[in-house]
Every structure is written in C-alpha cells, then in structure tokens.
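Trainee: I have a model open and want to learn how to read it. Where do we start?

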Amino acid sequence: MTSRRYAVAGTGHRARMYVNALTGVHADAGEIVAWCEPNPGRAQFHAEAVARDLGRAVDIPRYEPADLETMIAERDVDVVVVTAPDHAHADLVTRALRAGADVVVEKPLTTTAEGCRAITSAVEETGRSLIMTFNYRYAPRNSSLREVIASGEIGDVTSVHFEWVLDTVHGADYFRRWHRDKANSGGLLIHKSSHHFDLVNWWLQDAPRRVYASGGLKFYGPDGAGAAEAGPRPSRGSEAEPGDRWSIDLAGEPTLKALYLDSEHHDGYVRDQDVFAPGITIEDNLALVVDYRRGAMLTYSLNAHSPWEGYRVSVNGTKGRAELQVVERGAVQTDANGDAVVDPSAKPEVGGGDELRPRGDRLIVQKHWQEAYEYRIPEGIGGHGGGDAILLRDVFDGSGEDPLGRRAGYLDGVRAVSVGIAGNISLASGGPVIVDELDLGVDVGTGLGDAGPDAVVDAGAAEAVGGGVA
C-alpha cells in the first residue's frame, strides 16, 4: 500500500477519529503533515496527541484556511481530510481538489445547492478522488438491512418509514454548539439527517424526486416547551450549578476542555451555550415525505428531545416487510454530578438500557403468508454501530471487496443533502419541492444502474459479508 501525505482541515472533536487512525491502526497508510485550522489551540492539541501516539517529536505546521493552496504545495499534500464545520465544506473541498489533492470529507458534503454545484464542478474539472464518509452504511445492522432488500426477500420496496430519536443529552448538544445556527449547519435536516437519507438512498439504490417537510423549534430555545421547566438559566454550561441536566461541563472532560474551553480565547467560539438561550435557528422536531424516482416513498421523522435514543425502520415490499429496531441508549443515566456521555452511538459501552428497552438491535423479516423470522446481525465493534472501524479501513486501504457498495463518493453526498436542502426550502415555503429543480450541478439519478438492487442476490451472498438468517 502506498504511503500518502495527509492534511486535516478542521481540528475539532471529529478530527480525532482520523488522527487516531493515522497514528494507530492505519499508520502504514500515511502521515499527517499539516493542519488547516484557524484556532492554534485546537491544532496544538492534536499535534501533541500525534507526538504521544508516535512516541517522538513531530513537526506539523498549522496553516490558516486562506492558505490552503500554499499548504498543499509546501507540504506536498496528497489528501486533505475535511472535518471543518459544515458551511465551510464546499470552499475547502473545491479548493483542495483544484490545488491537486484528493479529499476525504465528513458528512454532510455541503449545506446548500450552491455548494453542491461548486463541488460537482471541481470534481468534474479535476478528476480527483472525493470520498464521503458515511459511516452508518458500515454498521452491520444497516448493512444487514441492505442485504435483505437486495436479496429480493421482501420484493420491490413500496414504502419506508424511518423514525430517529435523539435523547435529551445527545439531542440537546446540537442546540449549544455551532450547529444551532442554520447558516452554519443547514439544520438537523442536513447535518444529522443526511446520514439517514443516505441510508435510504443506499438501501433502495434510488434517488429522491420530491420532498415535503414540516417542523419547528418546539422544545429548545427561550420559547420552547422545555424552557419553563428548566427554570432560570446561566448563559453557558461552565456557569451552571452542579447537576444541571441541560448543561455540559467542558472543564470536566479533558478533551473538550483542551479543544474548546482552553482554546476559545483564540476565536471566541463558545462550545457550551445554553440550549434555552436565544439565537437558535434550527428545528428540533421534523417530519418529511419523500417520493423516490422508482416509485417508493419515505416517511421520516426526527425528534431531538426524546427520553431514549435510537431508530426504527420499517420497509414494506411487494412480498413482505423488514423491520429494524436499534436502541443506542434506552434511558439517560447520569453520574453523581448529573453528567452523561453525550453521544451513545460513539461510545456504545455506556448506553443505558433496561428490560423494557434494552440496548441493542434487531432485524425482523416477514414474508406474506409466513411467520416472521429474525435475520442475524453480526456484532459490531466500536463507535456508530461498529461502522467507524470498517469505514476507516475503506478510507485508508480501499483495496478490499465491496459487494454492498458501501464506499461513497461525491454523488452519494449530493443525493443525501438534496433531501435536506429541499426540506429546508419546503419548511420555508410550505409546499413540496422537486429535487431536479434545485440545480445541484448533477442529475442525482446518475449511475443508479451501476450498483442496483441485484448487488447481493441471495442469502448465500449475504452470508459472505457476515449476515444471514438466525
């Protein structure tokens, strides 16, 4: 395997997954040679982590985002890993491609139709590689559902119902960070739900045609239903009383303290804003109806203030039905200080559960006129349902077979955000939106025949990638 020279653009918390991979399991894939980051404190945190992991001093210079092209030239960068805030993706991706580097980009690809056009143009102009890191495709439970659909076991899909719930710890966190401003994140329909829309696009091997959305800010914010019960609020978590369930203590978690609390004097970014404070422009309750090109329809809902966290997917076909249920945290469990792990999907070992709602996943398949059976889901290891480790293997060593078509490119990224972009327009207009009228720079239906529903044809092929009937 060829060793490559990597730069990381955006050194917040999410960058750790890639940094750790390049100093650990995938160290033979290459080395980190530069940071593109406006905040020197955050870049220094990661540089010190690299030195500790490698057991030696490192010289990894930091460049301002305005100097991205200079960085790529001076440091002879092969690949730029983009983990910056969502609104910056289009600019960083297009400039990196045109400066001669390949790109690995965190979801979402971008937040606007304009960003889609810019990235599409840069990819077509340069012919360079762009990898989308949709880690949920790699989670064994989601791959198993793909196997069931692709095998034809439930026939042609007619409809999908997809419900995702974020609990009052993880869900609340989007309302205290930069994500709370839709100009930064595109709202949860893009930042969070692009994961989910990509799953549906991938499961169905189809592209969205029309989107209608409804939603609003109903729980968080100064006028939300949760504000009155929460009582008088501090402006930020570091000023909250011990045990405040709605605040996060940055000082109590070394990584968050170093990345944000100790680094905020460089740029003024406050990571622990109050979730009931003014200034939130994103929604916490969302519902969509999406029509697909081949005739299936999706009903989708997202709630960001649930008492438990996970998702339910029901897929109806002409021969039967498949149902996937995932509990990532059955109940929020806090420590003596009132604190809890923010994202249970990233640290599955801490997910709470009980007899009524045990943590775990289950895939049930039932054909017409037959009894239901459970489809065995291979056990995942690590974050995001076991998807992170397999994704990183593909990102840094993409030489293995990919029978399920899990590797994602820029077109998959465009398809995923097209639903959220259309949904945001629908929220504003009150009417349905035709995806082809968004002018995304590419036909989202392009290439659908290349990896269609016959990618996995039977249970034997499914067994080959780790699934099967229990």
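Mentor: With helix axes. Each axis is a line fitted to C-alpha atoms over the stretch in contact, and the angle is taken between N-to-C directions. Keep in mind that this is a predicted model.

Trainee: How far apart are the axes of helix 4 and helix 5, and at what angle do they cross?

Mentor: The axes of helix 4 (residues 89-98) and helix 5 come within 9 Å. They cross at roughly 10°. Angles under 35 degrees count as roughly parallel. Helix 4 and helix 5 are therefore roughly parallel to each other.

Trainee: Which residues make the contact?

Mentor: Helix 4 contributes A90, V93, T94, L97 and R98. Helix 5 contributes G115, A118, I119, S121, A122, V123, E125 and T126. By class, the contact of helix 4 with helix 5 has seven nonpolar, four polar and two charged residues.

Trainee: Is there a general reason for such spacing along a helix?

Mentor: An α-helix has 3.6 residues a turn, so residues three or four places apart point the same way.

Trainee: Let me try a second pair. At what angle do helix 6 and helix 10 pack?

Mentor: Helix 6 (residues 140-150) and helix 10 (residues 193-204) pack at about 30°, and their axes are 9 Å apart. That angle makes helix 6 roughly parallel to helix 10. Their crossing is right-handed.

Trainee: Which residues of helix 6 and helix 10 meet?

Mentor: From helix 6, take N142, S143, L145, R146 and I149. They meet L199, W202 and W203 of helix 10. The contact of helix 6 with helix 10 divides into five nonpolar, two polar and one charged residues.

Trainee: Now burial. How many residues of helix 1 are buried?

Mentor: The cut-off first: buried means under 20% relative accessible area. In helix 1 (residues 15-23), seven of the nine residues are buried, so helix 1 is largely enclosed by the rest of the structure. The buried residues are A15, M17, Y18, V19, A21, L22 and T23.

Trainee: Is I32 buried or exposed?

Mentor: I32 counts as buried because its relative accessibility is 9%. I32 sits in strand 2 (residues 30-36). Beyond four places in sequence, I32 touches Y6, V8, V19, L22, V50 and I60. Two of those, V19 and L22, are among the buried residues of helix 1.

Trainee: What separates the C-alpha atoms of I32 and V80?

Mentor: A distance of 9.7 Å, although I32 and V80 are 48 residues apart along the chain. V80 also appears in the contacts of I72.

Trainee: Where is I72?

Mentor: I72 is in helix 3 (residues 68-74). I72 counts as buried because its relative accessibility is 5%. Outside its neighbours up to four places away, I72 touches V77, V80, A96, A99 and A101. Its C-alpha atom is 9.8 Å from that of C36, 36 residues apart along the chain.

Trainee: Loops next. What does T110 contact?

Mentor: Its contacts, neighbours within four places left aside, are H89, A90, G115, C116, I119, I190 and V417. T110 belongs to the loop between strand 5 (102-106) and helix 5 (113-126). T110 is buried because its relative accessible area is 2%. P108 is found in the loop between strand 5 and helix 5 as well. The peptide bond from K107 to P108 is cis, with omega near -10°.

Trainee: Which residues other than glycine have a positive phi?

Mentor: Q205 is one, with phi near 50°. Q205 lies in the loop between helix 10 and strand 8 (208-216). At 10% relative accessibility, Q205 counts as buried. D439 is another case, with a positive phi of about 55°. D439 lies in the loop between strand 15 (433-434) and helix 16 (459-464). D439 is partly exposed, with a relative accessible area of 48%.

Trainee: Last topic: aromatic rings. How do I describe a pair?

Mentor: A pair of aromatic rings is described by the distance of the centres and the angle of the planes. The whole structure holds 16 aromatic pairs. One of them, Y260 with Y269, is edge-to-face, at 6.0 Å centre to centre and 75° between the planes. Both Y260 and Y269 are buried.

Trainee: Which residues form one aromatic cluster?

Mentor: Y136, F162, W164, F197, W203, Y300 and Y311. W203 is familiar: in helix 10, W203 is part of the contact with helix 6.

Technical notes. Residues numbered from 1 in each chain as written. Predicted model: local features only at pLDDT ≥ 70, side-chain atom pairs only at ≥ 80, totals over all residues. Heavy atoms only, no water. Helix = DSSP H or I, 4+ residues; strand = E, 2+ residues; numbered from the N terminus. Buried < 20%, exposed > 50% of the residue type's maximum accessible area, 1.4 Å probe, protein only. Contact = heavy atoms within 4.5 Å. Axes fitted to C-alpha atoms, helices over the stretch in contact; angles between N-to-C directions. Parallel < 35°, antiparallel > 145°, perpendicular 65-115°, else oblique. Left-handed = near helix turned anticlockwise from the far one by under 90°. Nonpolar A, V, L, I, M, F, W, Y, C, P; charged D, E, K, R; others polar. Phe/Tyr/Trp six-rings, centres within 6.5 Å; stacked < 30°, edge-to-face > 60°.
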